[in-house]
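This briefing goes through a single protein chain, from its overall make-up to its strands, charged pairs, nonpolar core and surface. Please keep the sequence and the structure in view while reading.

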Amino acid sequence: MVESICIFNITRLLSRENDSSGFTLMELLISITVVMIVMAVVAGTFRLCFKAVEKGEEFIDEQRSLIMAVNYIYSQLEAASLDEHAPFYGTTDKLRFFSKQMDPMEEEVLQDIEFRLVDSPDDSSKKIMISVQNVVFASETGLNDQVLLSGITAFEISYLRIVKQKQVWEDKWEEESGFPRAVRILFTYHHKPVAVFVRMMRQTKGLKNA
């Protein structure tokens with residue numbers, strides 16, 4: 001009898017030792033669930049980080065394109081030829097003039113420049129197009145159309161005239177009017193307002209600004 005009790009106790013002890021060294025099915029399921037939750041949280045964090053990086057890179061690209069476009073517009077208008085035989089006319093969404101630039105051979109060339117606003121076929125926004133033509137080789141090269149900036153939702157060009165010592169901004173400039181005192185370009189780029197103001201050298205052809 002005593003021997004049987006001892007054997008039973010030893011068997012229970014070994015059974016407890018075996019139970020304590022392993023996992024039950026419930027414990028295993030709980031562990032897997034916890035690991036999956038942690039992995040989901042980590043994956044979501046990485047996904048948010050990647051989206052933030054993509055948005056940051058997109059913002060940087062937009063700002064870089066904007067800076068390059070504004071600098072280009074400014075440099076071309078600043079170099080506008082104000083010779084009395086050079087055309088200069090425009091409307092609220094189009095501007096044409098001659099610009100003096102240096103070619104790779106360090107020689108001055110005259111370029112026919114045209115900025116204009118056109119509809120974008122991809123969405124409801126618009127884009128600024130630039131057409132460049134070397135006047136000397138106009139018959140050979142033709143116009144070189146390029147997209148200067150896209151994502152435009154509002155655009156307006158105005159021209160400054162001095163009338164009786166007062167500033168008057170006009171929405172149209174005829175070639176016969178000479179040259180404006182300044183050109184102002186206002187547009188909205190990806191829902192952000194942008195202003196470009198360029199002071200011209202002359203107000204009328206052959207006459208210097210006062």
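How many helices and how many strands are there in the protein chain? The protein chain has 3 helices and 10 strands, and the model that shows them is a predicted one. Read along the sequence, these elements follow the pattern α-α-β-β-β-β-α-β-β-β-β-β-β.

**Overall make-up**

- The protein chain holds 210 residues, of which buried residues make up 29%.
- About 14600 Å² of the protein chain is exposed, and carbon and sulfur atoms supply 59% of that area.
- If one takes the contacts between residues at least 6 apart in sequence, 44% of them join residues that are at least 24 apart.

**Strand β4 and its two partners**

- Strand β4, which spans residues 126–134, is mostly covered, since 7 of its 9 residues count as buried.
- Strand β3 (residues 108–119) runs antiparallel to β4 and is joined to it by 9 bridges, and a hairpin of 6 residues leads from β3 to β4.
- Within the pairing of these two strands, L117 stands opposite I128 in β4.
- Strand β5 (residues 144–163) also runs antiparallel to β4, and here 7 bridges join the two strands, with I130 standing opposite Q146 in β5.
- V147 has its place in strand β5 and, once neighbours within four places in sequence are left aside, is in contact with K127, I128 and M129.
- The C-alpha atoms of V147 and K127 are 6.9 Å apart in space, although the two residues are 20 apart in sequence.
- V147 counts as partly exposed because its relative accessibility is 46%, a value that lies between the 20% and 50% cut-offs.

**Salt bridges**

- A search of the whole structure finds 8 salt bridges, and three of the pairs are described here, beginning with K94 and E114, whose side chains meet at 3.6 Å, N to O.
- This pair links distant parts of the chain, with K94 in strand β2 (residues 94–102) and E114 in strand β3, 20 residues apart.
- Are K94 and E114 buried or exposed? K94 counts as partly exposed because its relative accessibility is 37%, whereas E114 counts as buried because its relative accessibility is 15%, which is under the 20% cut-off.
- The side chains of R116 and D145 also meet in a salt bridge, at 3.5 Å from N to O. R116 lies in strand β3 and D145 in strand β5, so this pair ties together parts that are 29 residues apart in sequence.
- D145 is partly exposed, with a relative accessible area of 40%. Salt bridges that share partners join K94, E114, R116 and D145 into one network.
- In a further pair, the side chains of R161 and E170 meet in a salt bridge at 2.7 Å, N to O, and E170 is partly exposed, with a relative accessible area of 22%.

**The largest nonpolar core**

- In soluble globular proteins, nonpolar side chains tend to be buried together.
- Which residues touch the most other members of the largest nonpolar core? Of the 31 residues in this core, they are L77, F88, V183, I185 and F187.
- The elements that give two or more residues to this core are α2 (25–78), β2, β3, β4, β5, β7 (182–189) and β8 (192–199), and β5 gives the most, with 6 residues.
- F187, when its neighbours within four places in sequence are left aside, is in contact with L66, V70, L149, I152, A154, F155, K192, P193, V194 and V196.

**A nonpolar patch on the surface**

- M26, I30, V34, V38, V42, F46 and F50 make a nonpolar surface patch of about 690 Å².
- One of these residues, M26, is found in helix α2, and M26 counts as exposed because its relative accessibility is 55%, which is over the 50% cut-off.

Key: Residues numbered from 1 in each chain as written. Predicted model: local features only at pLDDT ≥ 70, side-chain atom pairs only at ≥ 80, totals over all residues. Heavy atoms only, no water. Buried < 20%, exposed > 50% of the residue type's maximum accessible area, 1.4 Å probe, protein only. Helix = DSSP H or I, 4+ residues; strand = E, 2+ residues; numbered from the N terminus. Pairing = 2+ DSSP bridges. Salt bridge = Lys/Arg side-chain N within 4 Å of Asp/Glu carboxyl O. Core = buried A, V, L, I, M, F, W, Y, C linked by side-chain atoms within 4.5 Å. Contact = heavy atoms within 4.5 Å. Patch = residues over 30% accessible without salt bridge, like charges linked within 9 Å, V, L, I, M, F, W, Y side chains within 5 Å. Areas by Shrake-Rupley, 256 points an atom, 1.4 Å probe, with all protein chains shown as cover.
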